[in-house]
Structure formats: structure tokens, C-alpha cells
Amino acid sequence: MNNYKDNLAAVTVALSNYFEGVYSGNTELLASIFHPQALVSGDVKGQSYFKTVEQYLDGVEHRKSPQELKEPFRMEILSIEITNSIATAKTHLQMFEYNY
């Protein structure tokens, strides 16, 4: 992938797969988009968390998915910035009672 258009398309596909994996609880799809050494971080009710991909996928696997709970699909890409080999994406995911 040597040009911006190809890189943007690849990042968009990865994010779409992430959204679908989170929504449906498909941990195989989620695992396919993470680097094995990635860390997942966030904030739930004011408490920061930091997890390995394995820990994150275990949590997804052992919870009911938004799809199983009949929640609407409310996930979108707001922006993507790419500089050389690094991409930064701003997204919005509404699921359960949270806004990520």
C-alpha cells in the first residue's frame, strides 16, 4: 500500500470489521484486525482500563453482544488521519449504556 487512497481504504475496512466484530461479538473477526502486541485502553464510568488483545477478546466473548440484546447498530467513523505508516481514527460507538 503505497498511496493515501489505498491506505485510507484499508483503514476503513479494518474499522468496519472492528465495528461488526464488536456489534456481533465475533472475536475471530476482531482478532484479525489487531496487532498481536496491541493494547486496548478506555474509560468506563471514570475508571481507566488497559488490556491485552487476549484480555479484550475474552471480555467480548463472555458478554452478550449488542446484536444479541437487539440494540441498534450505532457505530461510525468520524475521521481518519494517515501519516506515513500511522493512522489515527476518530470514531463514535454507542452500545450498552456507553458512548465510546
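E4 and E5 pair in the antiparallel sense over two bridges, where strands count as paired if DSSP finds at least two bridges between them. Strands here (E, at least two residues) and helices (H or I, at least four) are DSSP runs, numbered from the N terminus. The model is a predicted one, so to speak of local features takes a pLDDT of at least 70 and side-chain atom pairs count only at pLDDT 80 or more, while totals for chains, interfaces and linings use all residues. Residues are numbered from 1 along each chain as its sequence is written, and side-chain values use heavy atoms, with hydrogens and water left out.

Back to the strands: the bridge partner of Met-95 in E5 is Tyr-98. E4 and E5 belong to an open sheet of three strands with the order E3-E4-E5 and antiparallel pairing. Strand E3 (75-83) and strand E5 (98-99) stand at the edges with a single partner strand each, so one side of each has no neighbour in the sheet. Two loops of this region hold residues with a positive phi. Asn-84, in the loop between E3 and E4, has a phi near 55 degrees despite being a residue other than glycine. Phe-96 sits in the loop between E4 and E5 and, though not a glycine either, has a positive phi of about 55 degrees. As for cover, Asn-84 is exposed, with a relative accessible area of 72%, whereas Phe-96 counts as partly exposed at 24% relative accessibility. The cut-offs are under 20% relative accessible area for buried, over 50% for exposed and in between for partly exposed (1.4 Å probe, protein chains only).

E1 and E2 make another antiparallel pairing, this one over six bridges. Val-44 has Gln-47 as its bridge partner in E2. Two residues lie between the strands of this hairpin, and Lys-45 takes a positive phi near 55 degrees there. E2 is hardly covered, with a count of zero buried residues among its six. Further along, the charged end of Lys-51 sits over the ring of Tyr-49, 5.1 Å from the ring centre; for this, NZ of Lys or CZ of Arg has to be within 6 Å of the ring centre and within 35 degrees of the ring normal.

Next, the inside. The largest nonpolar core has twelve residues, namely Phe-19, Val-22, Tyr-23, Leu-30, Val-40, Val-53, Tyr-56, Leu-57, Val-60, Met-75, Leu-93 and Met-95. Such a core is a set of buried Ala, Val, Leu, Ile, Met, Phe, Trp, Tyr and Cys residues joined through side-chain atoms within 4.5 Å. At least two core residues come from each of H1, helix H3 (53-61) and strand E4 (86-95), and H3 gives the most, with four. In H3, the buried residues are Val-53, Tyr-56, Leu-57 and Val-60. They fall within an arc of 95 degrees seen down the axis of H3, so they line one face of the helix; the arc is that of the directions from the helix axis to the C-beta atoms. This buried set packs against H1, H2, E1 and strand E2 (47-52).

Some contacts (heavy atoms within 4.5 Å) fill in the picture. Phe-19, found in helix H1, is buried at 5% relative accessibility. Neighbours within four places in sequence aside, Phe-19 is in contact with Phe-73, Met-75, Glu-76, Ile-77, Thr-91 and Leu-93. On the same basis, Met-75 is in contact with Phe-19, Val-22, Tyr-23, His-92, Leu-93 and Met-95. Over in helix H2, Thr-27 counts as buried at 19% relative accessibility. Residues up to four places away not counted, Thr-27 touches Leu-57, Val-60 and Glu-61.

Last come the rings. A search of the whole structure turns up five aromatic pairs. One of them is Tyr-18 with Phe-34, edge-to-face at 6.1 Å centre to centre and 80 degrees between the planes. Tyr-18 lies in helix H1 (residues 4-24) and Phe-34 in the loop between helix H2 (27-33) and strand E1 (39-44), so this pair ties together parts 16 residues apart in sequence. Rings of Phe, Tyr and Trp (its six-membered ring) pair if their centres lie within 6.5 Å, with planes under 30 degrees apart called stacked, over 60 edge-to-face and the rest tilted. Ring pairs also link Tyr-18, Phe-19, Phe-34 and Tyr-56 into a cluster.
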